[in-house]
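Reader: I should be grateful for a close look at a single part of this structure. Please take one residue as the starting point and then describe its surroundings.

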Amino acid sequence: TYDASGLVHGWILNQFSLSEHEGYVRVATAMSGDSEWDVESMVFTLRAETEESDDVLMMGDAKEERFLRVAGQLLDIAWGEELYAVRFDGDVGYLVTFQEVDPLWIVDLSNPIDPRMRGELMVPGFSTYLHPIAGDRLLAIGQHQEINTTDPMGIKLSMFDVRDMDWPRAIDERLEGGVGSDSVALTEHRAFRYIDDLNILAVPMVHNTGQGLFLYRVTDNGFVSV
């Protein structure tokens with residue numbers, strides 16, 4: 001049943017831009033201005049509140065209405081960079097933005113009325129989907145792109161260690177194919193299949209060395225082809 005609604009600035013990227021945790025709605029948005037550099041990402045937390053209002057259609061009788069009120073916000077994230085991926089996991093939010101390099105941003109949401117930026121990690125290219133797994137690790141798929149180039153240079157699988165929110169680090173990065181490589185998993189998260197009890201990652205790809213479903217065993221040190 002409908003409960004409440006609220007309003008925040010910007011637009012959401014996809015369903016992973018929205019999350020609920022311990023009574024708070026979390027949403028990551030992006031907002032663009034007049035130029036390609038006038039863009040920023042934002043994170044808001046909202047909580048449902050009830051207040052009384054008079055409705056003339058109810059002949060003056062007071063009724064209760066529910067609203068999602070903004071409880072906390074974090075603005076001006078990665079000014080000048082487009083938002084490419086979002087994922088919330090418990091008290092943590094992960095954002096990927098991109099201009100010429102791919103920053104992974106970590107947002108601390110343990111205090112929902114005061115979201116705080118913690119760590120960031122710069123790597124070439126960009127990620128379009130983030131997938132948390134056990135061991136405080138984060139899997140990602142995207143495309144590799146060198147600075148000052150316009151064409152992606154292959155499909156990139158990444159694994160990040162996010163145990164320390166202030167100092168995330170890249171565990172492994174695997175580049176498949178070259179220019180023209182593609183995977184439906186870049187835009188469809190259901191094509192990115194991680195089987196956690198087997199530690200197997202399955203990703204469909206088309207690139208210069210073949211096409212099909214590529215399998216990787218996910219170890220503590222990275223990806224191993226199966």
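Author: In this predicted model, a suitable starting point is His131, which is buried, because its relative accessible area of 16% falls under the 20% cut-off. His131 belongs to strand β9, which covers residues 126-133. Its side chain forms a polar contact with the side chain of Tyr129, at 2.9 Å. When neighbours within four places in sequence are set aside, the contacts of His131 are Arg87, Arg137, Leu138, Leu139, Phe192 and Tyr194.

The next residue to consider is Leu130, which is also found in strand β9. Leu130 has a relative accessible area of 0%, and it is therefore buried. Leaving out neighbours within four places in sequence, Leu130 touches Ala85, Val86, Arg87, Tyr94, Val96, Leu104, Leu138, Leu139 and Ala140. Arg87, Leu138 and Leu139 are thus among the contacts of Leu130 and also among those of His131. Between Leu130 and Phe88 there are 9.4 Å in space, from C-alpha to C-alpha, although the two residues stand 42 apart in sequence.

Strand β9 also has a part in the largest pocket, whose volume is about 220 Å³. Of the 16 residues lining this pocket, Asn14, Thr128, Thr187, Glu188 and His189 are the closest to its centre. Strand β9 and β5 (82-89) are the elements that each contribute two or more residues to the lining. By residue class, the lining consists of 9 nonpolar, 5 polar and 2 charged residues.

How values were computed. Residues numbered from 1 in each chain as written. Predicted model: local features only at pLDDT ≥ 70, side-chain atom pairs only at ≥ 80, totals over all residues. Heavy atoms only, no water. Helix = DSSP H or I, 4+ residues; strand = E, 2+ residues; numbered from the N terminus. Buried < 20%, exposed > 50% of the residue type's maximum accessible area, 1.4 Å probe, protein only. Polar contact = N/O pair within 3.5 Å; in protein donor to acceptor, adjacent residues only side chain to side chain. Contact = heavy atoms within 4.5 Å. 1 Å grid on protein atoms, 1.4 Å probe; cavity = no way out; pocket = protein on both sides within 12 Å on 5 of 7 lines; lining within 4 Å. Points joined across faces, edges and corners; volume = space filled by probe spheres on them. Nonpolar A, V, L, I, M, F, W, Y, C, P; charged D, E, K, R; others polar.
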